[in-house]
Amino acid sequence: MVSAKEVIVGIDMGGTSLRALVVNAQNEILAVEKQPTNVAQKPDGLIRDLAAMVEDVVDAAGLRKSKLRAVSIGAPGAVDPEHGVVYHAPNLGWDAVPLGEKLKKLLHVPVYVENDVNVGVVGEHALGAGQGAQELVGIFVGTGIGGGIIFRGELYLGMRGAAAEVGHMIVQVDGPLCGCGNHGCIEALASRTSMERDVRAAIRNGQKSGVLKLMEERNKDRMTSSIIQRALKRNDPVMRKVMKRAQYFLGLAVAGVVNLLDPECVVIGGGIAERLGESYVAPIRKTAYENFLRRHDAERVKIVPGTLGDNAGPLGAVVLARKRLDK
Ligand SMILES: [Zn+2]
């Protein structure tokens, strides 16, 4: 039974797709909707898409809109959660868009906005691989590498809300150029994008690999997580080498955050971790443990793959909204 106004819609707003869930007070998912993100339109158009999607997903759950208590969105880029403003989101072509206020005008319910990686980390902490941890670091590996920190059970944002940019820790001096403009960030060494760059470079240098052929067969112009998985299954030598190197750098990054924060748990999320699970995380964990300053009880720090997959973000958004509503 769903009583009055108890469902919340959580949305993950990605540069390529939008994912919305209706969640009840017991954190059960009642319906899911997914659609491509139409970034070609102006922000107002995309915000209207979001409003329509909220109505669709509530409808798909067999509920009236009057049951909707709030909407909570994980948005890419620099977000001001207090005012619901998305400041800088290059994936969407957005700059200083008052998403919360505009969507609230269309839906007439409270709307919360938080950074997409932060909501993913809250999801894994509240309902996934990191349940019960007081201190937790989440590292999400995709086209980039995002991070989030739970400190004393709560999301840690930092003074300007700019904390936990794990992906932009510099682990190789004079390393490859990162999207942020610096060199040698972990994102420029271990993200899916940087792995693809390394695979293509190896092939250009004459190393034998079936990765490009796999991409062609699957009609992919990018090296997706599924391509990586298939190439590893076929024991592709270039893919194996590139993956091993990425895992090594991620291990160093995990060691860095553990030496800094000593959390109970580090969750590795994102598409690759979702597909490969333990086989992806095991070498990362090994390198991390080897580089902990305090090694004799290294195993007390859990380093684990996320368990919620694509639902981590929208579920975390719902959890955050409920906390803010109950304040
Ligand atoms: Zn960077």
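This passage describes the nonpolar cores, the zinc site, the enclosed and open spaces and several individual residues of a predicted model.

The interior was examined through its clusters of buried nonpolar residues. The largest nonpolar core comprises 46 residues, and within this core the residues with the most contacts are I139, I268, Y280 and I303. Helix α8, which spans residues 237–261, provides the largest share of this core, namely 12 residues. Another core, which lies apart from the largest one, has 33 residues, including L18, A51, V57 and V86. The surroundings of Y280 illustrate how a residue of the largest core is placed: when residues up to four places away in sequence are not counted, Y280 touches V141, M243, Q247, L250, I268, I272 and A273.

The zinc ion is held by four side chains. Its coordination is provided by the ND1 atom of H168 together with the SG atoms of C178, C180 and C185, at distances of 2.0 to 2.3 Å. The angles among the four donor atoms run from 105 to 122 degrees, and the site is tetrahedral. For comparison, the ideal angle at a metal with four tetrahedral donors is 109.5 degrees. Along the chain, the donor residues follow the spacing H-x9-C-x1-C-x4-C. Both H168 and C178 lie in the loop between β11 (154–156) and α4 (187–190), so this pair ties together parts that are 10 residues apart in sequence. The two donors are described by separate accessibility values: H168 is partly exposed, because its relative accessibility is 25%, whereas C178, with a relative accessibility of 5%, counts as buried.

The loop that holds H168 and C178 also contains two residues with an unusual backbone angle. As background, most residues other than glycine have a negative phi. A164, which is not a glycine, nevertheless has a positive phi of about 70 degrees, and its place is in the loop between β11 and α4. D174 is found in the loop between β11 and α4 as well, and its phi is also positive, near 60 degrees, although D174 is a residue other than glycine. In terms of accessibility, A164 counts as buried because its relative accessibility is 12%, while D174 is exposed, with a relative accessible area of 72%.

Empty space in the model was considered next. In general, rolling a probe the size of a water molecule over the atoms shows where such space is left. The count of cavities of 30 Å³ or more comes to one, and the largest cavity holds about 50 Å³ of space. Its lining is formed by E124, F140, I268, G269, G270, A273, E274, G306 and G309, with strand β12 (265–269) and helix α9 (271–276) being the elements that give two or more residues to this lining. I268 therefore appears in two descriptions, since this residue belongs to the lining of the largest cavity and is also one of the residues with the most contacts inside the largest nonpolar core. The second largest pocket contains about 340 Å³ of space. This pocket is lined by 16 residues, and those nearest its centre are P81, E82, Y112, R324 and K327. At least two lining residues of the second largest pocket are supplied by each of α2 (99–107), β8 (111–115), β11 and α11 (312–326).

Three further residues show how separation along the chain and distance in space can be set side by side. V199 is located in helix α5, residues 192–204, and counts as buried because its relative accessibility is 1%. Leaving aside residues up to four places away in sequence, V199 touches V211, M223, V238, M239 and V242. The C-alpha atoms of V199 and R240 are 9.8 Å apart, and these two residues are 41 residues apart in sequence. A75, in strand β4 (residues 68–75), is buried, with a relative accessible area of 0%. With residues up to four places away in sequence again left out, A75 touches M13, V86, V113, E114, N115 and D116. Between the C-alpha atoms of A75 and C265 there is a separation of 25 Å, and 190 residues separate the pair along the chain. G93, by contrast, counts as exposed at 61% relative accessibility, and is found in the loop between β6 (85–89) and β7 (94–97). G93 and N291 are 198 residues apart along the chain, and their C-alpha atoms are separated by 39 Å.

Key. Residues numbered from 1 in each chain as written. Predicted model: local features only at pLDDT ≥ 70, side-chain atom pairs only at ≥ 80, totals over all residues. Heavy atoms only, no water. Core = buried A, V, L, I, M, F, W, Y, C linked by side-chain atoms within 4.5 Å. Buried < 20%, exposed > 50% of the residue type's maximum accessible area, 1.4 Å probe, protein only. Helix = DSSP H or I, 4+ residues; strand = E, 2+ residues; numbered from the N terminus. Contact = heavy atoms within 4.5 Å. Donors = N, O, S within 2.8 Å, 3.2 Å for Na, K, Ca; no water. Tetrahedral: all angles 85-135°; square planar, octahedral: opposite > 155°, others 65-115°. 1 Å grid on protein atoms, 1.4 Å probe; cavity = no way out; pocket = protein on both sides within 12 Å on 5 of 7 lines; lining within 4 Å. Points joined across faces, edges and corners; volume = space filled by probe spheres on them.
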